[in-house]
Structure formats: C-alpha cells, structure tokens
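The exercises below are meant to be worked through with the sequence and the model side by side. Each task is followed by a solution that proceeds in steps.

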Amino acid sequence: MPWNKHDYPVSMKNLEPRVRNKAIEIANALLEEGYEEGRAIAIGTAQAEKWNEDHPVGEERPSKHT
C-alpha cells in the first residue's frame with residue numbers, strides 16, 4: 001500500500017515532516033521493488049534520517065558556474 005503525507009505508518013508519526021516525507025518516498029520505492037512493508041518502513045526511515053543529516057535545512061548548494 002503506497003503511503004503519502006496524510007496517510008503513513010504509525011511508526012513515522014514522530015518524525016519531522018521533512019524526514020517523514022523522505023521516508024515515505026523511500027519506503028514507497030522499496031515497496032515497488034518488492035520489499036515487504038515492515039522492511040520498507042525500517043529502511044525508509046533509516047535512510048531518510050541519514051539523508052537529513054547529510055542535507056541540513058538551509059545548506060547552500062555549490063554553484064555549477066564556479
């Protein structure tokens with residue numbers, strides 16, 4: 001069952017919205033690849049938390065023209 005920002009696993013309810021949305025995106029992609037729901041949720045959450053650490057809010061991206 002694909003999730004969205006209004007209908008997502010209970011285990012994601014305490015995540016920051018930015019992290020939760022990324023976790024939903026990752027978990028949905030894993031479901032499409034055939035992962036079972038529990039595993040997709042766990043992997044999606046872990047990967048979203050890692051992504052959040054690696055991409056802080058407000059981080060400037062380097063210019064392609066420098």
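**Exercise 1. Determine whether Lys-13 is buried or exposed, and state where it lies and what it contacts.**

Solution. Begin with accessibility: Lys-13 has a relative accessible area of 51% and is exposed, where exposed means over 50%, buried under 20%, and partly exposed in between, computed with a 1.4 Å probe on protein chains only. Next, place the residue: Lys-13 belongs to the segment before H1, helices being DSSP runs of H or I with at least four residues, strands runs of E with at least two, both numbered from the N terminus. Finally, with neighbours within four places in sequence set aside, Lys-13 is in contact with Tyr-8 and Arg-20, contact meaning heavy atoms within 4.5 Å.

A note on the source: this is a predicted model, in which local features need pLDDT of at least 70 and side-chain atom pairs count only at pLDDT 80 or more, while totals for chains, interfaces and linings use all residues. Residues are numbered from 1 along each chain as its sequence is written, and side-chain values use heavy atoms, with hydrogens and water left out.

**Exercise 2. Follow the contact from Lys-13 to Arg-20 and describe the setting of Arg-20.**

Solution. Arg-20 lies in helix H1, and at 11% relative accessibility it counts as buried. Not counting residues up to four places away in sequence, Arg-20 touches Tyr-8, Met-12, Lys-13 and Leu-15. For one of these partners the backbone distance can be added: Arg-20 and Tyr-8 are 12 residues apart along the chain, and their C-alpha atoms are separated by 8.7 Å.

**Exercise 3. Take stock of the helices and compare their spans with expectation.**

Solution. The protein contains 2 helices and 0 strands. H1 has 16 residues and reaches 22 Å from first to last C-alpha, close to the 22 Å expected at 1.5 Å a residue; the expected span is 1.5 Å times one less than the number of residues. H2, residues 37–54, has 18 residues and reaches 25 Å, close to the expected 26 Å. Just after H1, Gly-34 takes a positive phi of about 105°.

**Exercise 4. Identify which residues of H2 are buried, and explain why they lie on the same side of the helix.**

Solution. The buried residues of H2 are Ala-40, Ile-41, Gly-44, Thr-45 and Ala-48. They cover an arc of only 125° around the axis, which puts them on the same side of H2, the arc being that of the directions from the helix axis to the C-beta atoms. The general background is that an α-helix has 3.6 residues a turn, so residues three or four places apart point the same way. The partner of this buried set is helix H1 (17–32), against which it packs.

**Exercise 5. Describe how H1 and H2 pack, and which residues make the contact.**

Solution. The two helices pack at an angle of about 135°, with their axes 7 Å apart; axes are lines fitted to C-alpha atoms, for helices over the stretch in contact, and angles run from 0 to 180 degrees between N-to-C directions. That makes H1 oblique to H2, since angles under 35 degrees count as roughly parallel, over 145 as roughly antiparallel, 65 to 115 as roughly perpendicular, and the rest as oblique. On the H1 side the contributors include Arg-18, Val-19, Ala-23, Ala-27 and Leu-30, and on the H2 side they include Ala-40, Ile-41, Gly-44, Ala-48 and Trp-51.

**Exercise 6. Examine Leu-30 as one member of this interface.**

Solution. Leu-30 lies in helix H1 and is buried, with a relative accessible area of 11%. Apart from residues up to four places away in sequence, Leu-30 touches Tyr-35, Ala-40, Ile-43 and Gly-44. Leu-30 and Ala-40 are 10 residues apart in sequence and 5.6 Å apart in space, C-alpha to C-alpha.

**Exercise 7. Decide whether Val-57 is buried or exposed, and place it relative to Arg-18.**

Solution. Val-57 is found in the segment after H2 and is exposed, with a relative accessible area of 70%. Val-57 and Arg-18 are 39 residues apart along the chain, and their C-alpha atoms are separated by 9.3 Å.
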